[in-house]
Amino acid sequence: MTSHATPMSTPTPMTIGGVQRAIDAIYGERDRERGIPATIAWLTEELGELAQAVRKGTVDEQVHELGDVLAWTFSLANQLGIDAEAAVARYAEGCPRCGHVPCDC
Ligand SMILES: [Zn+2]
């Protein structure tokens, strides 16, 4: 059994790490060939589409575009070798600056 060929027949847990690994399995090879600058360009374009959906789209369109922004964010994290769970961990105990929930800053 190889560790890099994860079968997608069982549902991937919807944890941040699980989604990051799923995005890598689905798009990782192609995205790495395209490279980080192209990934940034796609992420920025999708963010623009999300902004447009927020301004004048339906909830379904907003969900769709938010999903695309998250997918490209995970792709960027994969290419940078960043663990997305580690990246957001600093928010787990409240605001990283003041430590409060909700933020007091
Ligand atoms: Zn704060």
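# Burial, bridges and a zinc site

Biologist: Is Glu65 buried or exposed?
Modeller: This is a predicted model, so the value is computed from its atoms. The relative accessible area of Glu65 is 13%. The cut-off for burial is under 20%. Glu65 is therefore buried.

Biologist: Where in the fold is Glu65 placed, and how many Å apart in space are Glu65 and Ala53?
Modeller: Glu65 belongs to helix α3. Along the sequence, Glu65 and Ala53 are 12 residues apart. From C-alpha to C-alpha, their separation in space is 7.2 Å.

Biologist: Val63 is also found in helix α3. Is Val63 buried or exposed?
Modeller: Val63 is 10 residues from Ala53 in sequence, and their C-alpha atoms are 8.9 Å apart. Its own relative accessibility is 55%. Exposed means over 50%. So Val63 counts as exposed.

Biologist: How many helices and strands does the protein chain have?
Modeller: Read from the N terminus, the order of elements is α-α-α-α. Strands do not appear in that order. The count is four helices and zero strands.

Biologist: What percentage of the residues in the protein chain is buried?
Modeller: The protein chain holds 105 residues. A residue needs under 20% relative accessible area to qualify as buried. The buried share is 25%.

Biologist: Which element gives the largest share of the largest nonpolar core?
Modeller: That core has five residues: Leu43, Leu50, Val69, Trp72 and Leu76. Two elements, α2 and α3 (59–80), each give two or more of them. Three residues come from a single helix, and that helix is α3.

Biologist: What is the C-alpha separation of Thr39 and Thr73?
Modeller: Thr39 sits in helix α2. Its relative accessible area is 0%, so Thr39 is buried. Thr39 and Thr73 are 34 residues apart along the chain. Their C-alpha atoms are separated by 8.6 Å.

Biologist: Ile40 lies in helix α2 too. Which residues form the nonpolar surface patch?
Modeller: Ile40 has 39% relative accessibility, so Ile40 counts as partly exposed. A patch residue needs over 30%, so Ile40 passes that cut-off. The patch has about 310 Å² of accessible area in total. Its members are Ile36, Ile40, Leu80 and Ile82.

Biologist: Which residue forms a salt bridge with Asp31?
Modeller: The count of salt bridges is two. In the one with Asp31, the closest N and O atoms are 2.8 Å apart. Both residues lie in helix α1 (residues 16–34), three residues apart, about one turn of the helix. The partner of Asp31 is Arg34.

Biologist: Why does Asp31 count as buried, while Arg34 counts as partly exposed?
Modeller: The cut-off for burial is under 20%. Arg34 counts as partly exposed because its relative accessibility is 36%. Asp31 counts as buried because its value is 3%.

Biologist: How many Å separate the closest N and O atoms of Arg32 and Asp24?
Modeller: Arg32 is partly exposed, at 44% relative accessibility. Asp24 is also partly exposed, at 28%. The two form a salt bridge, with closest N and O atoms apart by 2.9 Å.

Biologist: Which residues coordinate the zinc ion?
Modeller: Each donor is an SG atom, at 2.3 to 2.5 Å. The sequence spacing of the donor residues is C-x2-C-x4-C-x1-C. The residues are Cys95, Cys98, Cys103 and Cys105.

Biologist: What is the geometry of the site of the zinc ion?
Modeller: The angles among the four donor atoms are 103 to 119°. Four donors need all angles between 85 and 135 degrees to be called tetrahedral. Ideal angles for four tetrahedral donors are 109.5 degrees. The site of the zinc ion is tetrahedral.

Biologist: Is Cys105 buried or exposed?
Modeller: Cys95 counts as buried, at 16% relative accessibility. Cys105 has a relative accessible area of 56%. The cut-off is over 50%, so Cys105 is exposed.

Biologist: What is the omega of the peptide bond from Val101 to Pro102?
Modeller: Pro102 is in the segment after α4. Most peptide bonds are trans. The bond from Val101 to Pro102 is cis, with omega near -5°.

Technical notes:
Residues numbered from 1 in each chain as written. Predicted model: local features only at pLDDT ≥ 70, side-chain atom pairs only at ≥ 80, totals over all residues. Heavy atoms only, no water. Donors = N, O, S within 2.8 Å, 3.2 Å for Na, K, Ca; no water. Tetrahedral: all angles 85-135°; square planar, octahedral: opposite > 155°, others 65-115°. Buried < 20%, exposed > 50% of the residue type's maximum accessible area, 1.4 Å probe, protein only. Patch = residues over 30% accessible without salt bridge, like charges linked within 9 Å, V, L, I, M, F, W, Y side chains within 5 Å. Areas by Shrake-Rupley, 256 points an atom, 1.4 Å probe, with all protein chains shown as cover. Salt bridge = Lys/Arg side-chain N within 4 Å of Asp/Glu carboxyl O. Core = buried A, V, L, I, M, F, W, Y, C linked by side-chain atoms within 4.5 Å.
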